[in-house]
Amino acid sequence: MSNFHDGVVAHQFDDAEQQKETVNLGMWSFLITEVMMFGALFAAYGFYRFKYPQAWIEGSNYLDYLLGAFNTAVLICSSLTMAMAVHAAQHAKRKQIIVFLILTIILGGVFIGVKVVEYADKFEHHLVPGHNFSVDSPFANQVELFYSFYFIMTGLHALHMLIGFGIIATLVVMAYRNRFSEAYYAPVEMTGLYWHFVDIVWIFLFPFLYLIGRG
Amino acid sequence: MSTTVEASHHSGTGENYLTAGYGLKSWLMTTDHKRIAILYLLSISLFFVIGGLFAVLIRIELLTPAGDLVSADSYNKLFTLHGLVMIFFFLVPSIPAVFGNFLIPIMIGARDLAFPKVNLASWYVFTIGGLFTFAVVLAGGVDTGWTFYTPYSSTYSKTAVGLTAIGVFITGFSSILTGLNFVVTIHKMRAPGLTWFRLPLFIWAHYATSLIMLLGTPVVAISILLVFLERVFGIGIFDPALGGDPVLFQHLFWFYSHPAVYIMILPSMGVMSELIACFCRKRIFGYSFVAFSSLAIAVLGFLVWGHHMFTSSQSIYAGMVFSILTMMVAIPSAVKVFNWAATMYGGSISYETPMMYAFGFLGLFTIGGLTGLFLGALGLDVHVHDTYFVVAHFHYIMVGGAIMGYLGALHFWWPKMFGRLYPEAWAKLSSIVIFIGFNLTFFPQFLVGYLGMPRRYHVYPDEFQIFHVLSTAGASILAIGYAFPVVYLIWSLVRGEKAGPNPWNAKGLEWTVPSPPTTFNFDETPVVTEEAYDYSRPVEGKVV
């Protein structure tokens with residue numbers, strides 16, 4: 001919300017309290033639209049999973065759940081560092097804000113790195129739908145459908161992380177220029193909400209994609 | 001954006017939002033909700049003309065039973081582009097983006113929307129989406145129908161489906177941003193004393209509309225994106241040959257696109273409440289019922305999408321549930337119509353142009369709504385599905401309802417937006433021409449549809465010709481009716497009589513500020529002490 005970059009109450013608000021509440025509601029409303037967007041994908045995923053349970057298990061078994069679990073842990077840690085950054089911002093601790101934000105980016109980077117390794121592996125093993133796909137299975141078409149969902153869902157999630165990197169990097173610059181104070185830290189807090197949302201999406205993606213039929 | 005509150009105390013110098021800056025940059029970089037409303041007004045007027053031209057070509061082609069003006073392929077492109085442009089680039093943004101933008105902050109006593117820059121961004125996003133649509137036309141058009149049904153759209157169509165999909169996807173975000181801004185603004189920016197049940201019903205209607213924009217648009221965005229990905233990368237989400245299910249697309253698409261119908265009609269209903277209260281000099285009968293009926297329509301609207309799919313392999317039991325839920329939408333809609341009629345009862349009605357449009361809306365929306373019940377009936381729908389009966393039905397809602405409301409709003413708030421009065425006699429005449437032209441265009445379509453004329457065909461049996469001739473004649477009258485306001489409204493900008501702050505003696509905060517309003521709307525935040533439409537008290541608003 002770049003409206004509020006200089007800490008002055010923007011002209012449309014009466015006071016800082018109103019501004020804060022408004023920005024909060026705006027961010028939550030935005031996150032609701034994100035829930036609906038991913039929700040539609042999850043609904044389509046669920047529909048096919050019940051239609052083709054066997055193919056979904058097969059597709060899932062080609063995924064490396066250890067890498068997935070590692071990434072889950074990494075992302076949860078990044079949520080922690082993000083929360084620490086918000087905490088630091090609330091107390092206007094400039095250095096801490098910068099350190100925790102950069103840590104968040106690094107952890108996010110590790111996640112994306114692992115994702116790149118995983119994607120490359122799919123290319124190598126002919127698991128890329130529409131491009132080169134061949135599995136030895138009576139349900140090859142349906143397994144391909146599973147991988148379509150795998151790439152679209154994790155791809156959209158990764159895109160959200162990349163956008164998050166851009167926003168967090170902007171925050172680092174703002175913190176470096178000492179733009180935040182105890183009265184004004186909304187951008188950090190709002191980015192925190194966004195980042196946690198992106199993490200929560202992964203918390204659903206991991207079991208839905210990696211852990212089917214491993215019970 | 002560091003202008004502080006003090007900076008707003010500059011009115012009284014005769015300056016208003018239009019004269020606050022003259023350069024192109026002062027418009028393209030503005031964050032003033034009123035200027036953004038004007039930007040939207042210009043954009044959607046352009047799209048209305050383009051969409052209208054496609055309609056004219058369709059009607060000329062249908063004048064004769066043979067396909068003699070355009071080829072079948074070109075005809076497919078014409079009705080697709082007509083639908084796309086009119087729905088995504090005119091009807092969905094029309095009243096919210098123009099009048100919602102202009103009026104919501106003023107009606108609730110705020111200086112601007114909650115997020116002025118996001119508001120400007122929404123217009124740019126809309127414009128980029130619009131440019132994609134122009135590119136589609138240059139690339140030879142698109143022929144899937146505005147509904148993008150798979151697997152035709154994702155696999156077989158040879159036209160510019162990918163480009164169109166991206167254009168619609170992008171435009172969706174302008175709708176999301178507008179809806180988000182409105183929801184937050186209505187929650188958090190109301191003036192002291194302006195409780196929820198003192199809000200004008202225009203605000204309630206926009207609140208309900210915005211909820212649909214927030215919850216529905218992301219779903220259609222992702223569905224269209226899936227079609228795009230399927231087309232570009234050859235994956236099989238909706239392609240039965242690859243294990244996908246084309247009906248799943250219909251579910252996802254209509255989950256948004258049915259509620260989208262209410263995005264188009266609810267704001268118009270909000271306008272109706274304002275017009276009828278003002279020109280009957282009465283408080284709206286059953287205010288809270290009208291307010292909650294907007295929310296009821298928004299909620300029920302999300303539960304009826306299956307009625308578009310009675311003939312697409314949906315289970316008969318699902319069909320029955322969707323049919324019953326569809327009938328239920330008639331309840332809040334009827335609540336509104338009856339309450340407006342009850343408001344008129346015993347009111348001192350006057351027949352200015354906006355009220356003429358309100359009368360037009362009431363009759364046409366009622367016909368459109370009642371024929372909607374025919375279509376919601378499971379058995380009857382099988383007979384009339386995909387016929388001109390459906391075409392006539394939704395045009396009675398979209399054109400008869402939404403556009404009548406839009407034109408009513410345009411005339412009612414024109415003096416507020418530009419400080420000039422339009423010529424009343426011309427305006428009244430054109431409202432009558434539009435009403436006659438509209439009915440002549442679309443009523444014959446009910447008849448020919450019931451007789452079995454399918455939609456989206458450019459040739460038809462000879463015995464249907466009389467209906468098509470009537471329809472095309474009506475469309476010509478309608479086009480003339482639409483041309484009038486373009487001329488006299490532009491004329492009024494220069495020659496129109498100066499409007500005072502309150503030319504209609506109406507209630508509402510927007511009539512207490514100068515016409516046109518100043519950049520920050522109010523010198524001091526107003527304090528609201530009365531109910532909406534309290535015409536029993538003398539009208540204030542002599543403030544200049």
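**Exercise 1. Classify the accessibility of Tyr351(B), then describe its pairing with Phe359(B).**

Step 1. Tyr351(B) has a relative accessibility of 47% and therefore counts as partly exposed. The classes are buried (under 20% relative accessible area), exposed (over 50%) and partly exposed in between, with a 1.4 Å probe and protein chains only. The model is predicted: local features need pLDDT of at least 70, side-chain atom pairs count only at pLDDT 80 or more, and totals for chains, interfaces and linings use all residues. Residues are numbered from 1 along each chain as its sequence is written, chains are lettered from A and ligands numbered from 1 in the order in which they are written, and side-chain values use heavy atoms, with hydrogens and water left out.

Step 2. Phe359(B), at a relative accessible area of 29%, is partly exposed.

Step 3. Over all chains, the structure holds 72 aromatic pairs. For the rings of Tyr351(B) and Phe359(B), the centres are 5.7 Å apart and the planes lie at 20 degrees, so this pair is stacked. Rings of Phe, Tyr and Trp (its six-membered ring) pair if their centres lie within 6.5 Å; planes under 30 degrees apart count as stacked, over 60 as edge-to-face and the rest as tilted.

**Exercise 2. Describe the build of chain A.**

Step 1. Chain A contains six helices and two strands, in the order α-α-α-α-β-β-α-α along the sequence. Helices (H or I, at least four residues) and strands (E, at least two) are DSSP runs, numbered from the N terminus.

Step 2. The C-alpha trace of chain A spans about 65 × 30 × 30 Å along its principal axes, and 52% of the 215 residues count as buried.

Step 3. Of the contacts (heavy atoms within 4.5 Å) in chain A between residues at least 6 apart in sequence, 78% join residues at least 24 apart.

**Exercise 3. Which residues touch the most other members of the largest nonpolar core?**

Step 1. A nonpolar core is a set of buried Ala, Val, Leu, Ile, Met, Phe, Trp, Tyr and Cys residues joined through side-chain atoms within 4.5 Å.

Step 2. In the largest core, which has 249 residues, those with the most contacts to other members are Phe149(A), Phe99(B), Phe202(B), Ile276(B) and Trp413(B). Helix 9 (residues 246-280) of chain B provides the largest share of this core, 24 residues.

Step 3. Beyond its neighbours within four places in sequence, Phe149(A) is in contact with residues including Leu41(A), Tyr48(A), Trp56(A) and Ile237(B).

**Exercise 4. Compare the computed and expected spans of helix 2 and helix 5 of chain B.**

Step 1. The expected span of a helix is 1.5 Å times one less than its number of residues.

Step 2. Helix 2 (residues 33-61) of chain B has 29 residues and should span 42 Å; its end C-alpha atoms are 42 Å apart, which agrees. At the start of helix 2, a side-chain oxygen of Asp32(B) comes within 2.9 Å of the backbone nitrogen of Lys34(B).

Step 3. Helix 5 (residues 116-138) of chain B, with 23 residues, should span 33 Å; its end C-alpha atoms are 34 Å apart, which agrees.

Step 4. Among the buried residues of helix 5 of chain B are Trp123(B), Phe126(B) and Val136(B). The buried residues of this helix pack against helix 1 (24-28), helix 2, helix 3 (72-91), helix 4 (94-107) and helix 7 (161-188) of chain B. Gly140(B), with a positive phi near 105 degrees, follows helix 5.

**Exercise 5. Is His395(B) buried or exposed, and which residues does it touch?**

Step 1. His395(B) lies in helix 14 (residues 388-418) of chain B and is buried, with a relative accessible area of 13%.

Step 2. Not counting residues up to four places away in sequence, His395(B) touches His82(B), Gly400(B), Phe438(B) and Phe442(B). His395(B) and Phe442(B) are 47 residues apart in sequence, yet 7.2 Å apart in space, C-alpha to C-alpha.

**Exercise 6. Locate the cis peptide bonds at Pro151(B) and Pro516(B), and the positive phi of Asn178(A).**

Step 1. Most residues other than glycine have a negative phi, and most peptide bonds are trans.

Step 2. Thr150(B) and Pro151(B) are joined by a cis peptide bond, with omega about -5 degrees; Pro151(B) is in the loop between helix 5 and helix 6 (152-156) of chain B. The bond from Ser515(B) to Pro516(B) is also cis, with omega near -10 degrees.

Step 3. Asn178(A) has a positive phi, near 65 degrees, and is exposed, at a relative accessible area of 52%.

Methods:
Polar contact = N/O pair within 3.5 Å; in protein donor to acceptor, adjacent residues only side chain to side chain.
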